[in-house]
Amino acid sequence: MADRLTQLQDTINQQADNFCNSIGILQQFSTPSKFDRSGSQTPQQQQEVTDYAHLFATLIARCAKDIDVLIESLPNEDSSTELQVASLRQLEQESQKAGERLEEVVARGEVLLSQIQSALADIAQSQLDMQHSAPSHFPNGNIAVGQDIKNITTNSFSYVNSNSNPPEPQTGLGSGF
């Protein structure tokens, strides 16, 4: 993004373009007239000139407002070096506080990341443990016809948390799904 002086210069150049273009359009669509003020323009030509006049009036007014806003945003002549130094110190303090908050957020994020990685490692290990214990109950990965599904499900899974109790076996196959 450009600084305010560059923005102001660009806006002034745009205003000059608007003035030049509006004069060019007026010259292009105007018809020679006599001093007796008898116009020879058709209503359509008059409407086009009016539309362009309205368009350029709007562009020139909007650009003038932008120039005023940019001029108002420039620093005052009476702003001293002391005020600028005080302003810079305040901005520096705000930046320091924001940096500290960012460091705290990053630290919390790293703690959460390590917890998630630990949980994923536990899940992976429990899946590996289940795969190693699965072949004894599921030869070739398939359930043998006629086996009791309740016994297979309760006996084949190892529990991740040693403090928790194993779940109660369910009596029906369709319950809970």
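Begin with the whole chain coloured by burial: of the 177 residues in the protein chain, buried residues make up 9%. The model is a predicted one, and its exposed surface comes to about 15,000 Å², of which carbon and sulfur atoms supply 56%.

Switch next to a cartoon view, where the protein chain shows four helices and zero strands, so that, read from the N terminus on, the elements run α-α-α-α. If contacts with a separation of 6 or more are drawn across the protein chain, residues 24 or more positions apart account for 60% of them.

Before going into side chains, colour by confidence. The average pLDDT of the protein chain is 77, and 63% of the residues score at least 70. Now select residues 144-164, where the pLDDT is below 50, although this stretch has 19 contacts in the model beyond near neighbours in sequence. Where pLDDT is low, the predicted coordinates should not be read in detail.

Move then to helix α1, which spans residues 4-29 and holds threonine 11. Select threonine 11 and show its surroundings: is this residue buried or exposed? Threonine 11 counts as buried because its relative accessibility of 13% falls under the 20% cut-off. Its side chain reaches the backbone oxygen of glutamine 7 at 2.7 Å, and, with neighbours within four places in sequence left aside, threonine 11 is in contact with Cys63, Asp66, Ile67 and Leu70.

Follow that polar contact to glutamine 7, which also has its place in helix α1. With a relative accessible area of 23%, glutamine 7 is partly exposed, because this value lies between the cut-offs of 20% and 50%. A distance drawn from the C-alpha atom of glutamine 7 to that of isoleucine 67 should read 9.0 Å, for two residues that lie 60 residues apart along the chain.

Staying in helix α1, select glutamine 15. Glutamine 15 is buried, with a relative accessible area of 8%. Which residues does glutamine 15 touch, not counting those up to four places away in sequence? They are Leu59, Ile60, Cys63, Ala64 and Ile67. For one of these, alanine 64, the C-alpha to C-alpha distance from glutamine 15 is 7.4 Å, while the two are 49 residues apart in sequence.

Turn now to helix α3, residues 81-137, and select serine 126 within it. Serine 126 has a relative accessible area of 15% and is therefore buried, the cut-off being 20%. Display its side chain together with the backbone of isoleucine 123, and a reach of 2.8 Å to the backbone oxygen of isoleucine 123 can be drawn.

From isoleucine 123, change to a surface view and add Leu112, Ile116 and Leu120 to the selection, since together with Ile123 they make a nonpolar surface patch of about 380 Å². Of these patch residues, leucine 120 can be picked out in helix α3. The last stop thus places two views side by side: the side chain of serine 126 reaching the backbone oxygen of isoleucine 123, and the nonpolar surface patch that includes Ile123.

Key. Residues numbered from 1 in each chain as written. Predicted model: local features only at pLDDT ≥ 70, side-chain atom pairs only at ≥ 80, totals over all residues. Heavy atoms only, no water. pLDDT = per-residue confidence, 0-100. Contact = heavy atoms within 4.5 Å. Helix = DSSP H or I, 4+ residues; strand = E, 2+ residues; numbered from the N terminus. Buried < 20%, exposed > 50% of the residue type's maximum accessible area, 1.4 Å probe, protein only. Polar contact = N/O pair within 3.5 Å; in protein donor to acceptor, adjacent residues only side chain to side chain. Patch = residues over 30% accessible without salt bridge, like charges linked within 9 Å, V, L, I, M, F, W, Y side chains within 5 Å. Areas by Shrake-Rupley, 256 points an atom, 1.4 Å probe, with all protein chains shown as cover. Salt bridge = Lys/Arg side-chain N within 4 Å of Asp/Glu carboxyl O.
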